[in-house]
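Colleague: I've got the sequence and the fold up on screen. Mind walking me through how the pieces pack?

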Amino acid sequence: MKILLYVILALVLIAVALLAWFFLIYARTPGIDLPATASEKEKLDYVDNYLSKLQEEGKFNGAVLFARNHEPLLMKTYGFTDAWRKETLTTNSSFRLASVSKQFTAAGILRAQELGLLNIDRHVADYLKTFPYPTVTIRHLLNQTGGVPDNYMRLAQENVESLKGPLSINDVVRLVAEEAETPKHAPGEVFTYSNTNYVLLAGIIEAVSQQSFEAFMNEELFQPLGMKQTRVWNLLSPDETFPGKTEGFRLIGGQARALKPDFIDGVAGDGAVFSSISDFLIWDRFWSGNDLIDNELLQLAFQPVNLPGQKISYYGFGWLIDKKDFHWHNGSWLGAGTYVGRNAEKGTLLVLLDNSENVRMDDIAREVGKVWRGLD
């Protein structure tokens, strides 16, 4: 009995030591210590040196973009395109955007309204005939207040044997309808972040356009805008890969392991957009006004939502709203760690992308974001 207790105690001590090592040493992220008198160029040089050092230490693998008025101040990449680390990243490398994709889906919905294919204030059931929540509108899905359970990944796992391949957008629409789980709350009452909402939005685009979400986004947004390194890609795309695509990987102790999509990665809307920091200059300009979507309609994406009880939700259409003119979103999936922030008043943009399943991404974004917010 004593031997067993000693073994258990030893295992507990080892586990504690490993946790301490992980959080205090491995995952520890240094800060950016800027002199108070640093000029703008010096601030950008500090960020460049900071990310370069992190990449050398195996703590960052990705890209950064600082821009003002749609012109780059710092646009640079650090590291490699995949786990084999033979091809270096470039400013045209396309990164998986994870949940930053939601703002692209929102733009697709607004473009569909501009084309007269839908109206965001009509009920989702007007477009998805089997949708089981009759009072939920497209706007509710966009600003995450519809109360639709965020259950598509669980439903996919529970029904995997009935699927005929990778999970599709249509599969999600069908499973949500068949299960019809009790809503989390009445529409318009509470903000609840949901990936399912944005897959359903992609389903609406497919229903009203009579084409794939991927094709609609390419034809109605990416091609007209000239975003050559931006596209929707998943396991149901017609091509297995595309030029410039980065691959997610896990980097531990200098060893890299590729992260491969599984059957869930046939969906889009909540994710599945790939883009480059070069194309984010175009994307930033898009949100300042464009020829594809009326500006009054476009700016709805940045409006807070009034909720009952004088409460306010600060989630717009694929954007989190922090103060009047500061909008941002982040994401994480299949090795990708992403962050994008816009200051409409200053005309500044920050994009930070990583494809190495970086446990430090939030800390890095916070440190780099401090410098960005301090720009004049």
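Colleague: What is the handedness of the crossing of H2 and H11?

Modeller: Bear in mind that this is a predicted model. The axes of helix H2 (residues 40-56) and helix H11 (residues 361-373) come within 10 Å. As for the hand of the H2 and H11 crossing, it's left-handed.

Colleague: And how is H2 oriented relative to H11, roughly parallel or roughly antiparallel?

Modeller: Their axes cross at roughly 165°. Anything over 145 counts as antiparallel in this scheme, so H2 relative to H11 is roughly antiparallel.

Colleague: How many charged residues are in the contact of H2 with H11?

Modeller: On the H2 side you have Lys-43, Val-47, Tyr-50, Leu-51 and Leu-54, and they meet Ile-364, Glu-367, Val-368 and Val-371 of H11. Sorted by class, that contact has 7 nonpolar residues and no polar ones. The charged count is 2.

Colleague: Let's move to H3 and H8. At what angle do their axes cross?

Modeller: H3 covers residues 101-114 and H8 covers 213-225, and their axes come within 10 Å. H3 is roughly perpendicular to H8, since the range for that label is 65 to 115 degrees. The crossing angle itself is roughly 75°.

Colleague: Which residues of H8 meet H3?

Modeller: From H3, the residues involved are Phe-104, Thr-105, Ala-107, Gly-108, Arg-111 and Ala-112. By class, the H3 and H8 contact has 8 nonpolar, 2 polar and 2 charged residues. The H8 partners are Phe-213, Phe-216, Met-217, Glu-220, Leu-221 and Phe-222.

Colleague: Which helix gives the most to the largest nonpolar core?

Modeller: That core has 78 residues, and Phe-104, Ile-138 and Ile-204 have the most contacts inside it. Phe-104 has a long list of partners beyond its sequence neighbours, including Leu-97, Met-227, Val-273, Phe-280 and Trp-283. With 8 residues, the helix that gives the most to this core is H7.

Colleague: How many residues are in the second, separate core?

Modeller: Among its members are Leu-54, Phe-66, Phe-326 and Val-368. Two of those names come up in the helix pair we began with: Leu-54 in H2 and Val-368 in H11. The second core has 22 residues.

Colleague: Which helices do the buried residues of H6 pack against?

Modeller: The buried residues of H6 are Ile-169, Asp-171, Val-172, Val-173, Leu-175, Val-176 and Ala-177. After H6 comes Ala-180, with a positive phi near 45°. As for packing, those buried H6 residues sit against H5 (152-158), H7 and H8.

Colleague: Is Pro-183 exposed, partly exposed or buried?

Modeller: Pro-183 is in the loop between H6 (169-179) and H7 (195-209). Farther off in sequence, Pro-183 touches Tyr-133, Gly-147 and Pro-149. Its relative accessible area is 39%, and the bracket from 20% to 50% makes Pro-183 partly exposed.

Colleague: What about Gln-310, buried or exposed?

Modeller: Gln-310 lies in the loop between strands S8 (305-307) and S9 (311-313). Although not a glycine, Gln-310 has a positive phi of about 60°. With a relative accessibility of 80%, Gln-310 counts as exposed.

Colleague: Last one: what is phi of Leu-334 near?

Modeller: Leu-334 is placed in the loop between strands S11 (326-333) and S12 (336-343). Leu-334 is a residue other than glycine, yet its phi is positive, near 50°.

Methods:
Residues are numbered from 1 along each chain as its sequence is written. This is a predicted model: local features need pLDDT of at least 70, side-chain atom pairs count only at pLDDT 80 or more; totals for chains, interfaces and linings use all residues. Side-chain values use heavy atoms; hydrogens and water are left out. Axes are lines fitted to C-alpha atoms, for helices over the stretch in contact, and angles run from 0 to 180 degrees between N-to-C directions. Helices (H or I, at least four residues) and strands (E, at least two) are DSSP runs, numbered from the N terminus. Angles under 35 degrees count as roughly parallel, over 145 as roughly antiparallel, 65 to 115 as roughly perpendicular and the rest as oblique. Contact means heavy atoms within 4.5 Å. Ala, Val, Leu, Ile, Met, Phe, Trp, Tyr, Cys and Pro count as nonpolar, Asp, Glu, Lys and Arg as charged, and the others, Gly among them, as polar. Buried means under 20% relative accessible area, exposed over 50%, partly exposed in between (1.4 Å probe, protein chains only). A nonpolar core is a set of buried Ala, Val, Leu, Ile, Met, Phe, Trp, Tyr and Cys residues joined through side-chain atoms within 4.5 Å. A crossing is left-handed if the near helix is turned anticlockwise from the far one by less than a right angle, and right-handed if clockwise. Lists of a residue's contacts leave out its neighbours within four places in sequence.
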